[in-house]
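Work through the following exercises with the sequence and the model at hand. Each task is followed by a solution in steps.

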Amino acid sequence: MNMTTTTTAALLFLGGTLTLPATTTAGTLPQHGDFYLISRDRGGQFVGSHKLFLEDAQGLSKVTYCDRDYFVRSFTVAWTQVESERGHTVQLEFNFGRGWRPICREPEQQVTLDDLGIAISPQELLQIQADTPDPQSRLSAIGALFQTSRDETSGSYHSK
């Protein structure tokens, strides 16, 4: 399977099942040293996750969570906001090889779509993602949202 093949993957996660979204590629299964935004319900059960990246790539934005820089998709930022509105707890967690360690709370309050220069609601952005079946078209649709200018001097879309 190559990196562009999308899959739905599941793996054992602290006695439960960690289900990654259908847009997760085969090469992005959690590994030792990975950082993820993880959503849990009120009972602490896993709901979903999105990977954070340490290096820039096409379609990613530089953000800061708890004084550390990461690169994320705008879809991920929208997802954190919606998950929080649903009453789920979202936090940044680190895979240290023997499970997950929470390292940053309330990421939805630290980075928003407004910080990325996106002036639509998180729900609208998630709907664009859901309505666009072709990944290339989806990226084009989301990329069109970035046609606004931003302050290049800070090096980050997020400032505290």
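Is Cys104 buried or exposed? Cys104 has a relative accessible area of 3%. The model is a predicted one, and buried means under 20% relative accessible area, so Cys104 is buried.

**Exercise 1. The disulfide**

Task: Find the disulfide and describe its geometry, its place in the chain and its exposure.

Step 1. Searching the whole structure gives one disulfide. The cysteines are Cys66 and Cys104, with 2.0 Å between their sulfur atoms.

Step 2. About the S-S bond of Cys66 and Cys104 the torsion is about 85°, so this disulfide is right-handed.

Step 3. Cys66 sits in the loop between strand S5 (61–65) and strand S6 (68–72), while Cys104 belongs to strand S8 (residues 100–105), so the pair ties together parts 38 residues apart in sequence.

Step 4. The relative accessibility of Cys66 is 37%, so Cys66 counts as partly exposed. Cys104, as found above, is buried.

**Exercise 2. Composition of the chain**

Task: Give the secondary structure content of the protein chain and its overall burial.

Step 1. The protein chain has four helices and eight strands. Read from the N terminus, the elements follow the order β-β-β-β-β-β-α-β-β-α-α-α.

Step 2. The protein chain has 160 residues, of which 41% count as buried. Its accessible surface is about 9100 Å², and carbon and sulfur atoms hold 48% of that surface.

Step 3. Among contacts in the protein chain with a separation of 6 or more, 52% come from residues 24 or more positions apart.

**Exercise 3. The four-stranded sheet**

Task: Establish the strand order of the open sheet of four strands, then examine its pairings.

Step 1. The order is S4-S3-S7-S8, and the pairing is antiparallel.

Step 2. S4 and S8 are the edge strands, each having a single partner strand, so each has one side without a neighbour in the sheet. On average, neighbouring strands of this sheet are turned by 35° against each other, direction ignored.

Step 3. Strand S3 (residues 35–40) pairs with S4 in the antiparallel sense, over six bridges. In this pairing Tyr36 has Lys51 of S4 as its bridge partner. The hairpin of S3 and S4 has five residues between the strands, and Gly44 there has a positive phi near 85°.

Step 4. S7 and S8 run antiparallel and are joined by five bridges. Asn95 stands opposite Trp100, a residue of S8.

Step 5. How many residues of strand S4 (residues 46–52) are buried? Six of the seven are, so by the cut-off of under 20% relative accessible area this strand is mostly covered.

**Exercise 4. Salt bridges**

Task: Count the salt bridges and compare the burial of the residues in three of them.

Step 1. The count is four salt bridges.

Step 2. One of them joins Lys51 and Asp34, whose closest N and O atoms are 3.7 Å apart. Lys51 is in strand S4 and Asp34 in the loop between strand S2 (16–19) and S3, so this pair ties together parts 17 residues apart in sequence. Lys51 and Asp34 are both buried.

Step 3. Another is formed by the side chains of Arg40 and Glu93, at 2.9 Å from N to O. This pair links distant parts of the chain, with Arg40 in strand S3 and Glu93 in strand S7 (residues 89–95), 53 residues apart. Arg40 and Glu93 are both buried.

Step 4. A further salt bridge runs between Arg86 and Glu83, with closest N and O atoms 2.9 Å apart. At a relative accessibility of 53% Arg86 counts as exposed, whereas Glu83, at 3%, counts as buried.

**Exercise 5. A helix residue**

Task: Locate Thr76 and list its contacts beyond the neighbours within four places in sequence.

Step 1. Thr76 is part of helix H1 (residues 74–85).

Step 2. The relative accessible area of Thr76 is 2%, so Thr76 is buried.

Step 3. With neighbours within four places in sequence set aside, Thr76 contacts Leu37 and His50. Leu37 falls within strand S3 (residues 35–40), and His50 falls within strand S4 (residues 46–52).

Conventions. Residues numbered from 1 in each chain as written. Predicted model: local features only at pLDDT ≥ 70, side-chain atom pairs only at ≥ 80, totals over all residues. Heavy atoms only, no water. Disulfide = S-S within 2.5 Å. Helix = DSSP H or I, 4+ residues; strand = E, 2+ residues; numbered from the N terminus. Buried < 20%, exposed > 50% of the residue type's maximum accessible area, 1.4 Å probe, protein only. Pairing = 2+ DSSP bridges. Axes fitted to C-alpha atoms, helices over the stretch in contact; angles between N-to-C directions. Contact = heavy atoms within 4.5 Å. Areas by Shrake-Rupley, 256 points an atom, 1.4 Å probe, with all protein chains shown as cover.
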